[in-house]
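Trainee: Could you take me through the strand pairing in this one? I'd like a close look at how the strands line up, and what sits against them.

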Amino acid sequence: MTDRHTAPTRPSDRAGANQSDLGSFNEATIIETIRQAGAISRVEIAERTGLTQQSVSRILRILLERGLLAEGASERAERLGKPRTPVRLRAEAAHAVGALVDPELVTVVLTDLDGTALHRQRLPIEHGTSPEALVETIAACTEEAVAASGIDRSTFLGTGVAAPGPITTDGELLDLPLSREWRNVPLRSMLAARLDCPVVLEKDGAAAAVGERWVGRTERASDFVYLYFGTGIGSGLVLNGETYRGMSANAGEFGQLCAVRSGRVDDSGRPRLVRECNPTAALPEIARELGYNGTAATYLEMCAEVGAGDPAATAAARQIADVIALGAVALIDLLDLPLLVVGGPAFEPQIEALTLDAIDKAVNTMPTARHARHVAVERSMVKTEAGAIGAASTIFHAAFAPSVRRTRGYGL
């Protein structure tokens, strides 16, 4: 029986192949196997991938020469037999910058190959900031991060950007709900021209899912959906080890699911905007409607009131959680997933427990197949800067993750 967090290793599920024309795929398969394991021997790599030991040895020799891997101390698995030498990814072998673009804030991090943030920076964005000024802000932060961190510049792979959707597969921002100035802006190409390096643009929820997969290793090796608390509620999907982007790179539009599931449609049957899917604005508003008369005015202040046990603030947070839970049920019903992860910059500690409880109860009591499975509901492993670290991880995912079929890949 396979643990829900462990990638299957049955022969029919093995990702490797021995044909010479799949060399780059096999390299990526071995990198992915090492990444998930942390440290692993050649024999174990062959067993998990289905590759011959000769193929594994040849590819490992190449990766060691490139400096991507390091060897550990030899270990004797049995009393007799040749000692096994584990290999691991060198965290310092590759670096990427991730930028989370929000209508009011740009968050930039530089991470190593393990997803560890080596440099962080947050800059407020004034209302009405032009696309050119936004590009210059991200570019300047990228250059500062690379310089200040002291990394070997040859290990810098590129910049990933996470932004609210919708976007295009070419990296263009479309009808952003909260910033008219940035609509229909070819952000990816503008930033790539300014930085002269690879650039990926991804929706914030999808980027967070990629980051969760990358940082989570074996604990996030199975299929899962990520519910992202940011500028509204979004979602990102990881299916068969791949981030699922969809035909237009806009998979995971969560607000529509919540509207349909909760019956909030207009006279023509079109889904309405669901205010609970924008918690940063909705929480203070709903709390006041429910009788809150304290001094809290902002989202963070109202979250603090939830933590302090204020009845109206807590009731407002529960109302928001219950609506989000209905959307989560629709996702689970549709995709039959074993794991739902919740995180993001607006997922504050004070609302964590009641939100996770509401979602857990809903996805395990409402779906049609509720008796056939249990859905785990967990807090994201990336506690801070989930969107920015996820954006950086899109660069690593594009460079190293194995894929036979991508749904609109990043195209580095």
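**Strands and their partners**

Mentor: Sure, let's start with one residue pair: alanine 163 has lysine 203, in E7, as its bridge partner. Keep in mind that this is a predicted model. That pair belongs to the contact between E6 and strand E7 (residues 199-203), where 5 bridges join the two and the strands run parallel. E6 also pairs with strand E3 (residues 95-101), again parallel and again through 5 bridges. There, glycine 98 stands opposite glycine 160 of E6. As for E6 itself, which spans residues 156-163, 7 of its 8 residues are buried, so take buried here as under 20% relative accessible area.

Now hop over to an open sheet of 5 strands, ordered E10-E9-E8-E11-E12, with mixed pairing. Strand E10 (242-243) and strand E12 (376-379) are the edge strands; each has a single partner strand, so one side of each has no neighbour in the sheet. At the E10 edge, 2 bridges tie E10 to strand E9 (residues 232-239), and those two run antiparallel. One pairing to look up there is leucine 239 with glutamate 242, its bridge partner in E10. Then there's a helix to add: H11 (residues 349-365) packs on this sheet, touching strand E8 (224-230), strand E11 (339-343) and E12. The direction of H11 makes about 165° with that of E12.

Key. Residues are numbered from 1 along each chain as its sequence is written. This is a predicted model: local features need pLDDT of at least 70, side-chain atom pairs count only at pLDDT 80 or more; totals for chains, interfaces and linings use all residues. Side-chain values use heavy atoms; hydrogens and water are left out. Buried means under 20% relative accessible area, exposed over 50%, partly exposed in between (1.4 Å probe, protein chains only). Helices (H or I, at least four residues) and strands (E, at least two) are DSSP runs, numbered from the N terminus. Two strands pair if DSSP finds at least two bridges between them. Contact means heavy atoms within 4.5 Å. Axes are lines fitted to C-alpha atoms, for helices over the stretch in contact, and angles run from 0 to 180 degrees between N-to-C directions.
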